[in-house]
Every structure is written in C-alpha cells, then in structure tokens.
Amino acid sequence: MKKAILFGVPFVLLLVLVGWRYMQKTETVAKLTQRSAQTKNGPANVVLGQAGPHRVVKSVEAVGTVESPFAVELSPKLTGKIVYLPDEIREGYTVKAGQLLVQIDPAETIGQVLQAKSQLAQAQSSLVSAKYIQNPTNVNVISQIEQAQATVNSNRADYDQVYQNFEDQVHQAHSVIVDAQAKVLAAKAATYNAEASLDSSKASLEDAQAKLNREDTLYKQGFVAAQDRDDAVAAQKVAAANVKVADGLVRSAKQAEVSVEQQEKEAQDAESIVVKTGKTNIRAALEKVKLAEAALKYAKSNTNQKPAYDAQLKALQAAVDAAAGNVNQAQARLADCNLVSTIDGSVSKRNADRGSVVNAGNSILEIQYLKWLYVTSAVPVEYTGIVVKGTPVTMTIGSSPGFKVSGTVTELSNVADPQSRQFNAQVRIDNLSGKFRPGMYAMVHFQVSDVNYPVVVPREAVKTATDGTTTATLVDSQNVAHIVPVTIGQQDTNSTVITKGLEAGDRVVIRSYTPVKDKQKIVEGSKPKGGKGKSKTTSGATDAATSGDQTTKPDDQTSGAGGQGANSGGTASSASSTTSGTSY
C-alpha cells in the first residue's frame with residue numbers, strides 16, 4: 001500500500017502539471033491569433049526615414065598587411081661558435097643601430113690576423129733591404145752621368161766659342177782685304193789721273209813750243225814785236241815746268257799703287273792664316289765634344305741595370321701590398337665575428353643561443369624597424385591611374401574594434417602581379433606609440449571619388465525582386481503607404497542613391513514589423529537599433545540613418561537590398577561603395 005502511494009502521488013502531480021501547461025499554451029495561441037487578426041486588419045507598425053541629399057565617398061576596399069620598412073637578418077659570414085649572445089636579447093627586445101648583439105668565437109681569426117701581420121713585416125723587410133743596396137749604385141751612376149754631362153756641356157761651350165772667334169777673325173781679316181782693295185782702286189785712279197794730267201801738260205808744252213817757234217820766225221822777219229816773242233818764250237817755259245810736275249805726280253801715284261797692292265796681298269795672306277788656324281781650332285774643339293759625348297754615353301750605359309733593379313723593387317712592393325691586403329682581409333674577418341644591428345628596431349625572432357655552432361649565412365637574429373610602418377595591400381589593375389600616390393586612405397588595423405587610421409598612398413608599384421592582376425600600394429603610418437606590429441591584418445579603403453547626391457535613402461528602404469526590379473515604400477502625408485518603382489545608383493551596406501522614383505524630402509519605410517501592403521495605413525514605431533540619426537514621426541521630424549564610407553570590394557557582384565524588416569545584406573561589387581555622413 002505504501003509503495004502504491006509512493007508511486008501514485010508523483011504520477012498524479014505530473015498529470016496535473018501537464019494539464020496546466022496545456023491550458024497555458026492554448027491560451028497563448030488564442031491571444032496570438034487574436035493579435036495577428038488585429039494586426040492584419042490594422043495599420044502597419046514601421047520605422048520611417050527621409051530621402052535627401054547626402055555625401056557619398058566611393059572607395060576601393062582591399063585587405064592589407066602591416067609591414068616593417070626595414071627588416072634585417074643578422075647572419076655570420078664565418079662558421080663558428082657563438083660566444084656572446086645575452087639571454088635578454090629575445091623577441092621584443094629593443095636594439096639600437098650599432099649595438100653589439102652577437103659575437104662568433106674570434107680565436108682562430110685572431111691567429112690569422114697575427115700570421116698576416118708577420119708576413120707583411122717580412123715583405124717590408126725585403127723591400128727595405130733591396131732599396132738600401134740599390135741606392136748607392138744609383139747614386140754612383142747618376143754622379144758619373146752628371147760629370148760626363150757637365151764635360152759635354154763645357155766642351156760644347158768651348159766649341160761654340162772657338163767657332164764664334166773664327167767667324168769674328170775671318171770677318172776682320174776680310175774687312176782689311178776689302179779696305180786694301182779699296183785703296184788699290186783709289187791708287188790706280190790717282191795714277192790714271194796723274195798720267196792724264198801729264199799727257200795734258202805735254203800737249204800744252206808742244207803747243208807752247210810751236211807758238212814760240214812761230215813767234216820767233218815772225219820776230220826775225222820783223223812781223224811781231226819783241227814782247228810777243230818774250231810772252232811765247234815764257235809760256236813755253238811754264239808748259240815745260242807743268243810737264244815736269246805732272247811727270248812727278250805720275251811716278252808718285254804709281255809708287256802709292258804698288259804700296260797698296262802690297263797691303264792687299266798681305267791682308268789676303270793674313271786672312272788665309274786666320275782661316276787655317278780657325279779651322280784647326282774648330283776641329284780640335286769638336287774632337288773634345290765628341291770625346292765628352294762618348295764618355296757620357298758610356299756613363300749612361302751603366303743605367304741599363306736600373307730596369308732590373310726597378311723590376312725587383314716593384315715585385316717586392318707588390319709582395320708588400322699583397323701582404324697588407326691579407327692583413328686587411330684578416331682584420332675584416334675578425335670584425336665579422338661581431339654582429340651589430342644596422343637599424344633601430346626590435347628583435348622579432350631568435351634562432352640560436354650562446355654556445356651553438358652556426359654556419360656562415362644562417363640567421364641568428366631577425367630585427368625589424370618599428371618607428372613607422374607600411375600597410376601594404378593589393379589593388380586591381382582596373383584602378384590604375386585612379387589609385388595613385390597621394391590618394392586618401394582610411395584603414396582599420398587589427399581585429400574588432402581595431403585601430404582607425406587615416407593616411408595617403410605613399411608608395412605605388414609600377415608592375416602588376418601577372419597571376420593576380422593586382423599591384424601593391426603602400427601607406428606609411430607612424431608607430432612611435434608601438435601599438436602596431438608587422439603582420440597585423442588591415443582593412444584598407446582607398447578613396448576614389450567624393451560626390452554629393454541629391455536623393456539618398458537608407459539601404460533598408462529599397463527592396464529588390466527576383467526579376468531585378470527595385471521598389472521603395474513611400475508614405476504620404478496621410479500616413480498611407482505606396483509601393484513605387486525606383487531606379488537606384490550607388491549603394492552600399494547602409495545607403496542607396498535614388499536616381500528616379502523619389503524626391504528629396506519623401507518619407508520612406510526603413511523597417512516594418514509586418515509586411516507593408518500598397519495603400520495600407522502605417523503607424524511609426526521606434527527608430528532602428530544602432531542608428532545614428534533621428535527617426536521621423538508623422539509630424540515631419542527629420543530622420544537619419546546609419547551610414548559609413550562607400551567601399552568597393554574587388555571581385556564581388558552587386559546584390560540588391562534585402563527585404564524590409566531586416567538590414568539587407570549584399571556586399572558591394574567590384575565597385576561597391578560605402579556612404580559617409582550621418583543624415584539623409
């Protein structure tokens with residue numbers, strides 16, 4: 001009996017509970033049915049917006065990656081053991097340019113440096129010894145050459161002086177001959193004149209004698225006076241005296257002529273002696289010059305040894321240079337044992353620890369520059385000439401909510417990837433705060449246009465049918481809904497540009513709790529959750545809808561606005577856009 005009671009009571013209670021639950025559900029269904037009937041026949045509860053002018057910024061959306069402009073891998077040039085690498089130098093450690101970070105064991109390299117320096121010292125010693133031996137020989141040869149050259153110069157000067165004296169003496173002797181010849185000519189002329197004067201005097205004497213003979217005959221015959229005969233006698237005596245004088249002058253002129261001719265001969269003899277003596281002296285001086293030149297040539301022949309000495313010195317100098325080069329190479333290898341940072345940055349990866357043996361070229365540390373970074377993204381080639389250096393950019397870096405950053409395109413690739421048909425664009429961002437990291441994800445919006453459209457509505461206000469036609473629900477002043485066809489322009493996830501079918505100021509249904517029929521009365525409810533603007537009541541208050549930048553997502557296709565009652569999906573096309581602003 002007790003067992004029956006124990007099992008029966010819970011069963012009864014369960015039946016009662018089920019019955020009560022059934023009655024509650026039946027009552028709820030009845031109420032919902034009643035409310036649905038009332039809603040179907042009553043006004044629709046909606047959220048309204050207003051069409052109006054709005055600024056639409058069209059942008060191309062691309063996925064970007066934050067990258068460091070300078071990334072350095074510290075790798076040794078030599079294979080060796082790591083003897084210095086502090087434990088604190090790990091991922092995230094900040095380094096400065098020039099800071100020593102890693103050292104490879106330098107013991108072997110130090111030995112190579114010392115060996116190279118020893119070889120350099122030996123080569124330098126050999127060069128110095130060769131120069132020491134060569135210098136006295138060079139000095140002796142040069143001294144002999146200089147002495148011989150001085151003798152040649154002196155003998156040439158003597159030769160020039162002898163030749164000049166010869167010419168002067170010959171000139172003087174010839175001048176004496178010319179003077180004597182002139183005197184001979186003058187003496188001959190004087191002799192000629194004296195002989196002519198003698199002939200004239202003789203003629204005058206003959207004439208005076210003839211006149212005297214005639215006067216004497218006439219005087220004897222008594223035809224002339226004695227005085228006439230005396231005059232003829234006197235004239236004959238004068239003429240005779242003149243003949244004697246002229247004859248004396250002729251003899252004197254001839255004697256003078258003989259004297260000057262003798263002088264001319266003596267002058268010619270003197271010139272001949274001068275010429276012979278001078279030529280002898282010239283030959284002697286010339287022989288001295290030739291002997292001195294031969295001595296000079298012999299002295300210079302000793303310099304034939306100099307090219308051999310010079311070649312030896314050059315070889316020794318080349319050995320010194322090679323040894324010095326080996327020292328420099330060894331010192332460079334010693335310097336290569338120390339790995340220093342070439343940039344200010346942060347360690348992004350550590351691949352080895354102290355005590356490890358690393359091969360040449362293996363990365364030990366990776367360092368990235370972080371004071372400013374690039375956001376690199378790929379842009380389709382169809383935007384060539386549209387996305388250019390200086391194009392405004394807005395970016396969201398990192399996961400939600402992410403960091404909002406604005407900037408401009410700073411670097412642009414001139415070559416597109418032949419596989420993806422895209423080219424890289426880079427935007428420089430400051431990172432002094434250190435909040436960005438290379439490798440972070442970024443959504444990048446390249447602004448390609450900025451237009452104010454006269455009629456723009458929230459995207460939810462437009463419906464797209466399966467056949468592609470678009471409509472909007474217009475609400476008149478009597479709060480009656482009218483479904484009207486519209487032509488749309490640019491649209492994004494928040495806004496749609498109306499090019500035909502609506503005018504600025506028209507009220508449209510943004511969201512409804514039940515489907516709105518044509519010519520159905522409406523009543524405005526609360527504004528959409530998340531909206532930035534004000535809802536519009538039937539009294540005419542201004543409405544605004546949530547909006548943002550119009551974004552183009554490459555390789556997407558335009559989809560229509562979703563149905564009323566929910567924010568329609570549909571991503572942008574290869575030119576989908578996001579509207580910026582807060583009111584319509």
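In what order do the strands of the open four-stranded sheet with β7 and β9 run? In this predicted model, the order is β7-β6-β4-β9, and the pairing is antiparallel. The ends of that row are taken by β7 and by β9 (357–358). Each of these edge strands has a single partner, so one side of each is left without a neighbour in the sheet.

Looking at one end of the row, strand β6 covers residues 100–104 and is tied to β7 by three bridges, with the two strands running antiparallel. Within this pairing, Gln-103 sits across from Asn-338 of β7. Strand β7 itself spans residues 338–340, and Val-340 belongs to it. Is Val-340 buried, partly exposed or exposed? Its relative accessible area comes to 35%, so Val-340 counts as partly exposed. Val-340 also helps build a nonpolar patch on the surface, together with Val-83, Tyr-84 and Leu-100, and the patch takes up about 270 Å².

There is another open sheet of four strands, and this one goes β3-β10-β8-β5, again with antiparallel pairing. Here the edges are held by β3 (71–74) and β5 (94–95). Since each of them has just a single partner strand, one side of each is left without a neighbour in the sheet. Strand β3 is joined by four bridges to β10 (residues 365–368), and the two run antiparallel. One residue to look for in this pairing is Glu-73, whose bridge partner in β10 is Glu-366.

Turning to the aromatic side chains, a search through the whole structure turns up six aromatic pairs. One of them brings together Phe-403 and Phe-436: the ring centres lie 5.5 Å apart and the planes meet at 90°, so this pair is edge-to-face. The two residues come from distant parts of the chain, 33 residues apart. Phe-403 is in strand β13 (residues 403–412), while Phe-436 is in the loop between β14 (422–430) and β15 (441–458). How do the two rings' residues fare in terms of exposure? Phe-403 is partly exposed, with a relative accessible area of 33%, whereas Phe-436 is buried, at 2%.

Ring pairs also make a cluster, linking Phe-70, Tyr-369, Trp-372 and Tyr-374. Trp-372 has a charged companion as well: the charged end of Arg-428 sits over the Trp-372 ring, 3.8 Å from the ring's centre.

How values were computed:
Residues are numbered from 1 along each chain as its sequence is written. This is a predicted model: local features need pLDDT of at least 70, side-chain atom pairs count only at pLDDT 80 or more; totals for chains, interfaces and linings use all residues. Side-chain values use heavy atoms; hydrogens and water are left out. Patches are made of residues with over 30% relative accessible area and no salt bridge: like charges are joined within 9 Å, nonpolar side chains (Val, Leu, Ile, Met, Phe, Trp, Tyr) within 5 Å. Accessible areas come from the Shrake-Rupley method with a 1.4 Å probe; for residues, only the protein chains shown count as cover. A salt bridge is a side-chain nitrogen of Lys or Arg within 4 Å of a carboxyl oxygen of Asp or Glu. Buried means under 20% relative accessible area, exposed over 50%, partly exposed in between (1.4 Å probe, protein chains only). Two strands pair if DSSP finds at least two bridges between them. Rings of Phe, Tyr and Trp (its six-membered ring) pair if their centres lie within 6.5 Å; planes under 30 degrees apart count as stacked, over 60 as edge-to-face and the rest as tilted. A charge sits over a ring if NZ of Lys or CZ of Arg is within 6 Å of the ring centre and within 35 degrees of the ring normal.
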